[in-house]
Number of protein chains: 2
Amino acid sequence: MRAIARDLRALLGDDAVASGSIRHYLGDETEGRGVLGRADAVCLPRDAEQVATVVSWCYDRGVPIVPRGGGTGYTGGAVPIEGGVVVSLERVARVRSFDPLLWRIHVEAGVRTAELRRIVRESGLYFPPDPGAAEQSQIGGNIATNAGGPHAFKYGVTGSWVTGLEAVLPPGELVRVGGAIRKDVSGYDLKSVLIGSEGTLGIVTAAWVRLIPAPEVSLPVAGFYRDTASGASAIAAVLGNGIAAAALEYLDAGTLAAALATYPGELPADPRFLVIAEADGSAPEAQRVQAELREALVEDAEAIHSPASPADVAALWRWRHGVSIAVTAQRGGKVSEDIVVPVDRLREAIERTLEIGARHDLPTCSWGHAGDGNLHSTFMVDANDDAELARAHAAAEELFALAVELGGSISGEHGIGWVKRGQLARQWPPRLLELHAAVKDAFDPKGLMNPGKKR
Amino acid sequence: MRAIARDLRALLGDDAVASGSIRHYLGDETEGRGVLGRADAVCLPRDAEQVATVVSWCYDRGVPIVPRGGGTGYTGGAVPIEGGVVVSLERVARVRSFDPLLWRIHVEAGVRTAELRRIVRESGLYFPPDPGAAEQSQIGGNIATNAGGPHAFKYGVTGSWVTGLEAVLPPGELVRVGGAIRKDVSGYDLKSVLIGSEGTLGIVTAAWVRLIPAPEVSLPVAGFYRDTASGASAIAAVLGNGIAAAALEYLDAGTLAAALATYPGELPADPRFLVIAEADGSAPEAQRVQAELREALVEDAEAIHSPASPADVAALWRWRHGVSIAVTAQRGGKVSEDIVVPVDRLREAIERTLEIGARHDLPTCSWGHAGDGNLHSTFMVDANDDAELARAHAAAEELFALAVELGGSISGEHGIGWVKRGQLARQWPPRLLELHAAVKDAFDPKGLMNPGKKR
């Protein structure tokens with residue numbers, strides 16, 4: 001270990017290799033389920049060229065390379081399971097150019113998601129993806145996982161906004177695919193292959209991102225229901241009435257039990273299901289859509305809550321984004337999986353998540369992006385209790401089987417990473433798995449890029 | 001040739017192999033520049049299983065397979081250059097399921113684009129992609145080329161709407177990737193690799209397509225300008241003022257000269273540049289945005305035209321979609337290339353297109369999707385004049401060089417097909433070209449899928 005760190009210091013300069021404790025770089029959100037790695041060195045390159053240099057150095061020597069963004073992932077994708085060199089993008093974080101009049105920005109991978117959203121918002125523009133940990137996550141990590149969030153329902157996931165990528169590919173070459181262009185059907189879509197590849201094919205160092213004019217206002221409506229059935233009916237009513245909501249979220253009874261104490265609004269007596277829908281656009285348009293949403297959500301609702309001021313709207317979303325932490329706080333850890341189902345199977349997926357948890361004697365809840373059929377099915381655990389963790393992992397296997405049975409996917413937001421390794425075979429036939437492996441082999445013939453992940 | 005047709009008849013039934021003249025299946029829009037193929041047989045499978053059967057039969061025997069949609073392509077992508085079996089998807093054209101309350105439809109590849117748009121529109125839903133030849137083109141061909149159209153500016157290209165694919169992959173296996181789900185980050189994005197792969201990796205047999213509530217109204221504004229400079233300023237004003245147009249199109253002087261005779265509205269004295277922008281949404285929202293568009297477009301305009309009735313709006317778009325044919329009619333043929341540039345280089349690309357044409361002594365014009373920086377740079381030719389065709393092809397090479405010089409792409413809509421073979425190397429470094437070839441090799445190890453294309 002010392003030799004690798006020493007050689008990298010000589011190669012890149014002392015500042016580009018972490019000294020002191022590197023504990024921070026060995027885990028991600030899966031620490032709450034007992035996953036932690038070990039690394040031979042942690043590299044902090046200053047720019048894309050240094051990323052290429054370190055990849056090249058490692059590739060020549062057969063040293064595993066583990067790219068790292070904000071460390072907010074739920075699959076252990078950034079955890080150096082097999083040792084090697086962690087390449088953290090935190091200092092590759094410049095805004096290379098911002099052209100507000102042309103609706104585009106060119107940013108390096110280490111720019112934090114929320115920072116990107118703020119920068120463009122100050123010029124009246126909008127970068128829609130809003131994954132849960134946007135203050136900590138980096139745009140490069142969002143691209144590597146193709147992150148979503150509540151507003152993916154209307155606006156699509158991160159990849160929908162990326163028009164070009166700069167990336168370091170093995171054996172250490174800095175390449176560019178796409179750019180400041182909004183269309184490109186020249187070669188096979190290698191940009192989309194890199195997006196969501198979880199650092200197993202290369203390291204994204206920068207992105208060209210398209211933007212849109214920011215909605216003038218965002219007006220959510222929160223409807224509380226007595227049970228999952230009536231909440232699911234409300235969700236179906238929003239879709240069935242053709243209301244173009246910007247977001248359409250749900251939280252079930254167990255989630256509410258964990259999170260309601262800090263809800264920024266009045267509550268009915270015993271809410272067991274919450275639907276949050278949002279209207280956005282110009283003020284009159286958002287008001288019109290909000291009225292439609294209220295109408296669709298009010299039937300069977302115990303209560304309807306429509307925050308109106310920007311501060312109250314922000315408070316509601318801040319609370320919503322804090323739900324994951326509130327659930328973790330229940331027992332100190334959680335095994336939370338991001339399955340996706342066709343939206344007409346959402347109610348069944350919510351109910352069967354609870355059945356699975358009950359069979360394994362685990363406190364269970366789910367919440368997520370109802371309009372996208374994307375659940376965060378969650379078993380609350382004590383991460384120090386090995387037997388409990390083992391039950392949760394067995395329960396997670398059943399969740400994956402459920403997703404596939406319902407015509408869905410084992411992952412809508414988090415990716416495969418380390419903790420879902422081997423699960424893709426539930427979903428894909430051998431021919432697609434073979435192609436998956438062939439893509440990996442073409443990009444990374446030595447298998448050194450984030451080994452053990454995304455497979 | 002007869003033996004292959006006879007064997008395929010025995011395999012699939014007489015109705016599944018074309019008899020009589022197969023001339024119709026040997027060309028596409030590149031006939032106007034002298035491209036025409038030859039085929040050993042034309043197969044008309046009834047369903048996806050028959051597509052798999054014919055692919056398997058051909059693959060076993062080393063016979064090239066050329067998938068064919070509506071035959072409206074501009075690159076010779078559907079032309080059987082090296083002979084083999086044309087597999088036309090025209091009979092694989094069922095709507096497998098349509099769930100209007102869930103905003104989704106599952107269609108087979110042979111469904112015509114305009115038909116798909118009509119079916120969903122009747123239930124208040126919208127499939128935004130509107131490529132030029134939507135009445136003839138098929139959704140499978142649109143997916144194979146990742147087709148765009150005017151409304152891609154707001155709504156994205158075909159691939160943005162495809163949540164799942166069914167496809168036949170060599171050596172003849174029917175697989176499914178994605179489905180009726182709106183998110184999926186499990187495996188590498190093989191769905192996006194197939195989208196835009198121009199039939200060189202497999203044959204798309206069906207797609208799961210997501211939809212959105214249809215805009216209540218569409219309100220275009222057409223602004224006529226005295227020259228490219230003032231038209232380009234108007235386009236910049238729409239963007240610079242942050243107006244969320246649904247479409248933002250342009251037509252230059254040469255295009256107008258070919259097409260204005262049938263323009264469905266009043267004209268100023270000598271218009272040399274036309275910008276068409278469109279507002280859509282609810283009636284009040286579209287009216288609000290239309291007013292903003294008028295304000296942005298009116299400065300320097302010779303005239304502004306805002307059709308209001310649905311019939312007048314439809315007439316304007318019908319005219320717009322007829323522009324390509326009107327340009328062809330000038331000299332009987334055309335070499336038209338779909339380059340893309342960053343939108344701030346649009347004016348330069350328009351002007352340099354004219355310079356290139358002048359240097360090669362060719363009547364030249366361009367029109368296209370201004371907001372996407374996507375030109376249809378066009379040299380009007382007599383397809384029977386070999387010397388002229390040769391000059392046009394030399395001019396096209398300069399166009400591709402121009403696109404790359406300006407930071408753009410050699411193709412925004414049409415793909416590479418046959419006529420742009422070899423051009424990708426202008427744009428991609430050797431490492432990406434190597435990966436492109438590796439993807440092809442993984443999907444199609446014998447190189448029998450649409451040989452000679454997309455490379």
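How many residues of chain B are in contact with chain A, and how many of chain A with chain B? Here are some notes to get you started; keep in mind that this is a predicted model.

1. To take that question head-on: 78 residues of chain B touch 78 residues of chain A.

2. How big is the interface in terms of area? The size of an interface is often given as the accessible area lost when the parts come together. For chain B and chain A, the buried area comes to about 6,200 Å². Carbon and sulfur atoms give 64% of that.

3. If you want a place to look on the chain B side, try Lys183(B), Val185(B) and Tyr188(B). Together they supply 16% of the area that chain B buries against chain A, and no other three residues supply more.

4. There's charge pairing across the two chains as well: the count is eight salt bridges between chain B and chain A. One salt bridge to pull up on screen joins the side chains of Arg104(A) and Asp344(B), at 2.8 Å from N to O.

5. Now for a helix pair inside chain A. Helix α7 (residues 228-240) and helix α9 (residues 283-298) of chain A have axes that come within 8 Å and cross at roughly 140 degrees. Angles over 145 degrees would count as roughly antiparallel, so α7(A) and α9(A) are oblique to each other. The crossing of α7(A) past α9(A) is right-handed.

6. Which residues make that helix contact? From α7(A) come Ala234(A), Ala237(A) and Val238(A), and from α9(A) come Leu293(A), Ala296(A) and Leu297(A). By type, the residues of this contact are six nonpolar, no polar and no charged.

Conventions
Residues are numbered from 1 along each chain as its sequence is written. Chains are lettered from A and ligands numbered from 1 in the order in which they are written. This is a predicted model: local features need pLDDT of at least 70, side-chain atom pairs count only at pLDDT 80 or more; totals for chains, interfaces and linings use all residues. Side-chain values use heavy atoms; hydrogens and water are left out. Axes are lines fitted to C-alpha atoms, for helices over the stretch in contact, and angles run from 0 to 180 degrees between N-to-C directions. Helices (H or I, at least four residues) and strands (E, at least two) are DSSP runs, numbered from the N terminus. Angles under 35 degrees count as roughly parallel, over 145 as roughly antiparallel, 65 to 115 as roughly perpendicular and the rest as oblique. A crossing is left-handed if the near helix is turned anticlockwise from the far one by less than a right angle, and right-handed if clockwise. Contact means heavy atoms within 4.5 Å. Ala, Val, Leu, Ile, Met, Phe, Trp, Tyr, Cys and Pro count as nonpolar, Asp, Glu, Lys and Arg as charged, and the others, Gly among them, as polar. Buried area is the accessible area (1.4 Å probe) that two parts lose on being put together, summed over both. A salt bridge is a side-chain nitrogen of Lys or Arg within 4 Å of a carboxyl oxygen of Asp or Glu.
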